[in-house]
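Work through the two exercises below with the coordinates open, and compare each step of your reasoning with the solution that follows it.

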Amino acid sequence: MDSSNAFASLATFKLPSPCRLLASACCPDKDLVVLIARLGGRDRISLWKMQGSRKWEVDIATDDVPATVASLVWHPDGQTIAVVHESGRITMHSVQDGRTERSLSINSCRGAQTVPKVVGAWWFPGLSESTTDVIPDIFKRNGVKTGSALSILKILPLLDPLKETSRHVTATDLFAFQGTQTRSTRKTSVPDVITQWPSLVPILEDISISSPDQTDENHKSGSADNLFRKADEDSLLALADQSGGLHLFLAGTYCLGTVTLPGGHPPIFLYKHPNPPLLLFHSESPDGDFFSAGMQPMLVNVPLLGTPAVREFARLSSAARELMRYIMSVLDEMKEAWLGSASVTGAREIGKTWVESLEKRLKEEYEEDPDAVFELTSFLVTGSMSEGLSDFILSSDQTSDRALQKWDNAITDALTKMCDYSNMRIIPALQRLHIVLDEIRGWSLMSHLAPFGLNTSDIVTCLSLVERGIFVSAWLATEAKKELRTFKQFLNFIRYEMTVANMSGESQAFLDYDILEVNNYLMSGFMASQIDRWFTGSAPQFNPGDLCTSQTPKSLDDALELARTAFQDPSQTAWQPNVVRIELSQLDRNLDVLVQKLAMRCQQAFAQASPATARSATVPADSGAVLTKAKELSPTPKNNCLFICHRVIRDDNEVNGVFLSAKSCSTVFNVHSPMVTYMYLSRMPCGQYARVAGSFEVAILECSVDMDGDEGGDLDILDAEFFDDNVIVLVYRIKGTQGPIYVGTMNYTMLRYQRLESEEYVSGPAQKDMIVDMLQRWREGHLMGGGVPITKCRRLSACKSGSISMAVNGRVGRRVVCVLGGDGMTMEVIDMEGDEMEADAASEMEMVGA
């Protein structure tokens, strides 16, 4: 060893409560680390700076069900943390404040009610291709094809934004120091059909929907989501469960389905090739013994993942989802304004209260069930009112100027909102949805897109529902405008009669209402409004074309010719007394149920097509490892493998224009026996497109090290992890002692590897076969061994004994090692780029400056 304090200690700090440190806790491009604490049976995640200060802490549970973190993984851009729950739920948290940006479940991929425990998570970056075209994309299409549905949506006028949900501001939000407050995740009221809809992170402007103005500095104009989409659109999130299911998510949100791995065994290591759609993985053995796992990595080919059709379909599914969510939100707002909710009094309820008060006053006079419509109609026709009606109009609180004005404002606002929202929001959104579904119908007719499994009849059914929704929405706007006109006339009638009843002398009131309009409101809107039928009853079953008065449908040319003939003959344009009218009063028109049905049918169509990527996955028959030797280790305790880690080293050179995927696939694991502990390393060269070669190289090391010159000592290696393409980080202590604990580095590229041929095996060796051969060759003197070549090390000051947890970040400029003590209360951060002398010099400079 060069020095016992070759690295600088960046920070050592105490934690407020016992925490867990996962191997993937370090942020890839920032000096941040995630810790997991458990309080009251619920896991909480907290983000800490490497210097020891906490930025935020959030509760990952949204209900009373205990939440347990199974794994966490960082988005390649370092802006989002994906927290995987044991229940199969995934929450995406912003690195800025810990808020939950998105939430999804692997139920949507697997299609089952119960999901096995998640045992691994990986998030791979997408391939960033450089533009080689001579003519640059000056129009900035961002991969959108000209003439497609998405290109049409981008040039359409933006729809008005949705009403912002009120954000509950607490005293902590107002007065606590920003970044240190503890937040709890709030449950959002998103319909299940929208939650289960496969979708990417939406950019509303691309779907011609305006984004709501955000007052929060971190969320202005959806900047975080836009950066997330534009920075790495093709990233792949992979989750593995204990039953061997591999769940794939495009960009971390869009479900690509579940790939069932051979044998139903989960992978302990997974790597995605950056160019061809290949996945390399080591599968766990059935008995859970690392020795029985294959030496040769297995391959999964996902051909559809390498085509642009997956991204295009995901964008179409996302556009349809956001348009459907927009329609449902606008309709809910209209329904709440009219019928009310648990917290809001609807405009319709004010009219009902007015009628109930009138009937109560009439009952006091007649002592029987009164008829409010009859009393008001009789008063409207004859001009004389009963005593009970007179008392109500002249002395009731419901007929005061303030009460009538409140009723007027509520009904006017609600009906105006229905008219405007139907014409300017729901109908345009349905038309945009029709454009998207029409393109999906074209997809269903193309033979090369057959793997998506789109059913043309289902898409046609969705299109007919959209057309029906447009017609019913236009009908609602017309009916709302009509009812608002009659309601105004009714209020004018009430106000006029109140004025007349309170007049004295020769003064005269001005009659400003239409008796027919007032009677129309009394018949159709006073007791039971026609508007209620758009929110109650059954869904409409008619087609707009069925309402045509002509018995035989006409083409456009025939209709134009008939119009020209009618204009040339004056008698045809005169009043026609015997025009056939279609009775529409019996037609169902529940727009709310129709939209719910449309959302369900569309979601089913897209959810059925999104797993096409996983359905296209194939596992080559010769990619697995088969244990063929009968040799056994001596001694062979069942769980004598302490740890195992993997790394793929890429070679970015090109040969004959073909990208070489992985130059070597390295594995390191530690085996403990009563006599001596060995560390085995192996590397396997991979050829073109990750085809594994027929040989591999191995090295064997005794877990001992030279200390203080001539003295040597055996080591207990507590943990190890690949740091970069050259160095392995080890955490160890002297064997037979409880401490101290050291962090050291070892250059594994400088070891003496010996080539072993695998032709004698059927399809590649297992770890046990390789170890047997290595031990035999080592004992016979054919394989060179030696101690662990520790190049640099540092003695830990905080973690002095017991077990530890380690997380590393080997990225240039962020090279740190985080070590958490076994009690979970003390963490030490080691700067792997600085040494102790540099740290002391920096400390002296700070003191001089002070």
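Buried means under 20% relative accessible area, exposed over 50%, and partly exposed in between, with a 1.4 Å probe and protein chains only. The model is predicted, so that local features need pLDDT of at least 70 and side-chain atom pairs count only at pLDDT 80 or more, while totals for chains, interfaces and linings use all residues. Residues are numbered from 1 along each chain as its sequence is written, and side-chain values use heavy atoms, leaving out hydrogens and water.

**Exercise 1.** Determine whether aspartate 97 and arginine 99 are buried or exposed to some degree, given that their side chains meet in a salt bridge.

Solution. A salt bridge requires a side-chain nitrogen of Lys or Arg within 4 Å of a carboxyl oxygen of Asp or Glu, and here the N to O distance is 3.9 Å. Aspartate 97 has 9% relative accessibility and therefore counts as buried, whereas arginine 99, at 25%, is partly exposed.

**Exercise 2.** Classify the relative direction of helices α6 and α15 from the angle at which their axes cross.

Solution. Helices are DSSP runs (H or I, at least four residues), numbered from the N terminus, and axes are lines fitted to C-alpha atoms over the stretch in contact, with angles from 0 to 180 degrees between N-to-C directions. The axes of α6 (residues 308-339) and α15 (residues 591-609) come within 11 Å and cross at roughly 165 degrees. Angles under 35 degrees count as roughly parallel, over 145 as roughly antiparallel, 65 to 115 as roughly perpendicular and the rest as oblique; α6 and α15 are therefore roughly antiparallel.

Definitions and conventions: Helices (H or I, at least four residues) and strands (E, at least two) are DSSP runs, numbered from the N terminus.
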